[in-house]
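Please open the structure in your viewer and keep the sequence panel beside it, since this tour moves from one selection to the next. At each stop, select the residues that are named and then read what is there.

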Amino acid sequence: MKDVLLKYIPERAVDPCFELIREFSVHLKIVNERFTRHGDYRRLPNGQHMITVNASSNKYRFFITLIHEIAHLVAFEKYGRQIKPHGIEWKRTFQHLMIPFIRPEIFPSELLPLIARHFKNPKASSSTDANLAIALNAYDTAQHKEKSYVFELPFGSVFRIYNGKVFKKGTKRRKRFECMELASGRVYLFQPNAEVELIND
């Protein structure tokens with residue numbers, strides 16, 4: 001297991017992370033990238049704890065996702081299954097598990113202040129923290145770097161998302177952008193850091 005972890009998370013995080021996996025009897029499954037989620041946790045009928053995380057060359061995103069899912073397991077075991085999945089119990093658990101790892105031996109110096117800020121009030125997904133998500137993307141493969149962010153595109157730009165649907169960028173509503181799907185005319189809200197393929201501007 002340590003050899004597998006070494007491939008996906010920062011080297012100095014491997015031993016303490018392995019201890020968490022062992023302590024909570026986690027069955028870790030690494031799967032092909034899913035666009036709708038980075039990872040998930042579920043308790044199997046036999047009582048085993050199953051955590052799946054998307055395979056990724058970005059060790060920092062993978063690691064944050066893994067601790068995020070372990071926090072679900074720990075929070076449910078400690079507080080019961082009635083708690084909200086991303087409620088205050090999970091937030092506190094995620095903070096408690098993550099804080100020992102927020103140090104320069106594990107994360108690059110440019111990520112540390114963004115991660116520290118994020119964990120003052122962790123979100124349901126690191127992707128919804130635009131500043132952290134963009135900073136993490138700098139450690140993605142070249143394939144990801146060829147994408148554009150919605151916030152970067154000029155008003156009226158036409159772009160394609162992962163499932164092939166095509167949209168036209170509209171105005172900003174508070175934190176997100178209204179974008180119209182060209183095929184249906186329906187308007188959807190996009191996070192500013194959503195990665196898309198620019199077709200024309």
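Begin by selecting Arg 81 and Glu 77 in this predicted model, and show their side chains, which meet in a salt bridge with an N to O distance of 3.4 Å. Side chains of opposite charge can pair when their charged atoms come close. Colour the two residues by accessibility if your viewer allows it: Arg 81 counts as partly exposed because its relative accessibility is 38%, and Glu 77 is likewise partly exposed, with a relative accessible area of 41%.

Next, select Arg 103 together with Glu 105, whose side chains also meet in a salt bridge, again at 3.4 Å from N to O. Arg 103 is partly exposed at 27% relative accessibility, while Glu 105 is partly exposed with a relative accessible area of 39%. Then add Arg 43 to your earlier selection of Glu 77 and Arg 81, and you will have a network in which these three residues are joined by salt bridges that share partners.

How many salt bridges does the structure hold? There are nine, and one further example is worth a stop: select Lys 2 and Asp 15, whose side chains meet in a salt bridge at 3.2 Å, N to O. This pair links distant parts of the chain, since Lys 2 belongs to helix 1 (residues 2–8) and Asp 15 to helix 2 (residues 14–23), with the two residues 13 apart. Both partners are partly exposed, Lys 2 with a relative accessible area of 36% and Asp 15 with one of 45%.

Now switch to a cartoon view and look for the open sheet of three strands, which has the order 1-3-2 and mixed pairing. Its edge strands, each pairing on one side only, are strand 1 (26–31) and strand 2 (39–43), and the twist from one strand to the next averages 20 degrees. Strands of a sheet pair through backbone hydrogen bonds, either parallel or antiparallel.

In which sense do strand 2 and strand 3 pair, parallel or antiparallel? Select strand 2 and residues 49–54, which make up strand 3, and you will find the antiparallel sense, over five bridges. To see individual partners, select Arg 42, which stands opposite Met 50 in strand 3, and then Tyr 41, whose bridge partner in strand 3 is Ile 51. The two strands form a hairpin with five residues between them, and in the turn you can select Gly 47, which has a positive phi of about 90 degrees. Before leaving this sheet, select residues 59–79, which form helix 3: this helix lies across strand 1, strand 2 and strand 3, and runs at about 160 degrees to strand 3.

The next stop is an open sheet of six strands with antiparallel pairing, in the order 4-9-5-6-7-8. Strand 4 (148–149) and strand 8 are the edge strands, each of them pairing on one side only. Within this sheet, select strand 6 (residues 166–173) and strand 7, which pair in the antiparallel sense over five bridges; here Lys 169 has Cys 179 in strand 7 as its bridge partner.

Finally, show the surface and select Met 180, Leu 182 and Val 187, which form a nonpolar patch with about 250 Å² of accessible area together. Leu 182 is found in the loop between strand 7 (176–181) and strand 8 (187–190), and at 43% relative accessibility this leucine counts as partly exposed.

Definitions and conventions:
Residues numbered from 1 in each chain as written. Predicted model: local features only at pLDDT ≥ 70, side-chain atom pairs only at ≥ 80, totals over all residues. Heavy atoms only, no water. Pairing = 2+ DSSP bridges. Helix = DSSP H or I, 4+ residues; strand = E, 2+ residues; numbered from the N terminus. Axes fitted to C-alpha atoms, helices over the stretch in contact; angles between N-to-C directions. Contact = heavy atoms within 4.5 Å. Patch = residues over 30% accessible without salt bridge, like charges linked within 9 Å, V, L, I, M, F, W, Y side chains within 5 Å. Areas by Shrake-Rupley, 256 points an atom, 1.4 Å probe, with all protein chains shown as cover. Salt bridge = Lys/Arg side-chain N within 4 Å of Asp/Glu carboxyl O. Buried < 20%, exposed > 50% of the residue type's maximum accessible area, 1.4 Å probe, protein only.
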